[in-house]
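I opened my notebook to look up aromatic rings and the charges that sit over them. Here is what I wrote down as I went along.

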Amino acid sequence: MRPNTGHGADEPGWGPLARYIIAATLARTSDGGAVVAIVLMVNTSGGSGWLAGALGACVTAPHLLGPFVARSLDTARDSRTVIATASLAHGTTLAAAVLLYPVTHPLVPAALLIVSGLFGPLLTGGISSRLPALAGPSQRRQRRAQGWDVATYGISGTIGPTLVAAVSAWASPATAALTLAAGCYVAAAVIRFLPYAPPPGAAANVPRPLRTLTGILASGPLRRTLYLTVTVAFSVAALPVTAVSSTHTLGVSPAAAGVLTAAYGLGNLAGSAGVMIRPSRADADQLTTRLAAIVAATLLLITLTPSFALAVTAYAAAGIANAYFFAATLAARNEYAPDNSRGQIFVWVGALKITAGSAGTAAAGALISTSLLLPLLLATALTLASTALSLTERRHSRRRHT
């Protein structure tokens, strides 16, 4: 399949991209901070840890169902309306769940949070699917814009939990959750001011969700992008768990785990800045494989660091590598996705990535009691295995076409 390099004839200025960054950051901050707000709300009200975890899962688990509501991105006359509506729905159901929690049975907020979580993928992969049309046809401009997109994920992943913690301390977790919901309303308004992009074709030509997934698996570049994305997401999800557990062996207090996770986050932002400043011109399919291998190398480096200072450096390196990798996967999704299913493909990969990240955190938590190094060694092995599979696949494909 020949890569796409974008749509549209006009090169947009800074204004549309700035609006995109604001909308994406606000929407993703709400999506990322909601779980923390819900868990804090339940805990501070005297609820059990089991209930807190269950309600938190009601927000994250429905992300896997996101692809089944994403077809509207490729069929709607104006996909801005779809994403703005999703942002409004996410914020409204989150706010309703928070307000009703003290006065109703937990099943009521649970149902509302499931609906809220169902719209989450449209605020992650769905918004990202708008970027190619906004950035213009130049590959360099698109890849620079993808660096900004990676930055919005990094910023929102940091701001969301921090905002929730700050507002919870100042007022209450419920107020923090309502603040996140308000951000969704602002994001919806800003999304409506993004440039209009016509639908890719007739709705009848847009494949159904499962057929889209089949198309991903049938396309070599998209299939490799999918399993590399899933494997890397599973692997790096072990880092927060490892950071907490490794402080004892590194001779520092448990609170220093925050420094390690902050180093990873700052590295991620530095990596996204690097993509913006000097976007790669390499083939996106090959680039994802190379960068997955580099991510694996940084994970192995973390397991080998003998001191806290070196661990901080290694975590920062992992953040940088993962930012470059994520930007490359965005490029691959755009450049190899058919026009009539681009939105669904972005959401499919994003939803499976989030699911893999949750599984990776759970697996690391289960394995860390066995051995401190086991989660990261397993993560490194899985990432290297998927990298080797990608290389083998591509080599076999070349031989078949020569």
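**Aromatic rings**

Phe-68 was where I started, and I found this residue partly exposed, with a relative accessible area of 44%. A reminder to myself: this is a predicted model.

Next I asked how many aromatic pairs the structure holds. I noted two aromatic pairs. In one of them, Phe-68 meets Trp-348 edge-to-face, with 5.7 Å centre to centre and 70 degrees between the planes. This pair links distant parts of the chain, 280 residues apart. I placed Phe-68 in the loop between α2 (49–60) and α3 (71–75), and Trp-348 in helix α16 (residues 342–367).

Is Trp-348 buried or exposed? I looked up its relative accessible area, which is 5%, so Trp-348 is buried, as buried means under 20%.

Then I turned to Tyr-153 and Phe-326. Their ring centres are 4.9 Å apart and their planes stand at 70 degrees. Why is the pair edge-to-face? Because its planes are at 70 degrees, and planes over 60 degrees apart count as edge-to-face.

I also checked where these two rings sit. Tyr-153 belongs to helix α8 (residues 139–170) and Phe-326 to helix α15 (residues 308–336), so the pair ties together parts 173 residues apart in sequence. Phe-326 has 8% relative accessibility and counts as buried.

**A lysine over the rings**

My last entry is on Lys-353. I found its charged end over the ring of Phe-326, 3.4 Å from the centre. Lys-353 also lies over the face of Tyr-153, at 5.9 Å from the ring centre.

Methods. Residues numbered from 1 in each chain as written. Predicted model: local features only at pLDDT ≥ 70, side-chain atom pairs only at ≥ 80, totals over all residues. Heavy atoms only, no water. Phe/Tyr/Trp six-rings, centres within 6.5 Å; stacked < 30°, edge-to-face > 60°. Helix = DSSP H or I, 4+ residues; strand = E, 2+ residues; numbered from the N terminus. Buried < 20%, exposed > 50% of the residue type's maximum accessible area, 1.4 Å probe, protein only. Lys NZ or Arg CZ within 6 Å of the ring centre and 35° of its normal.
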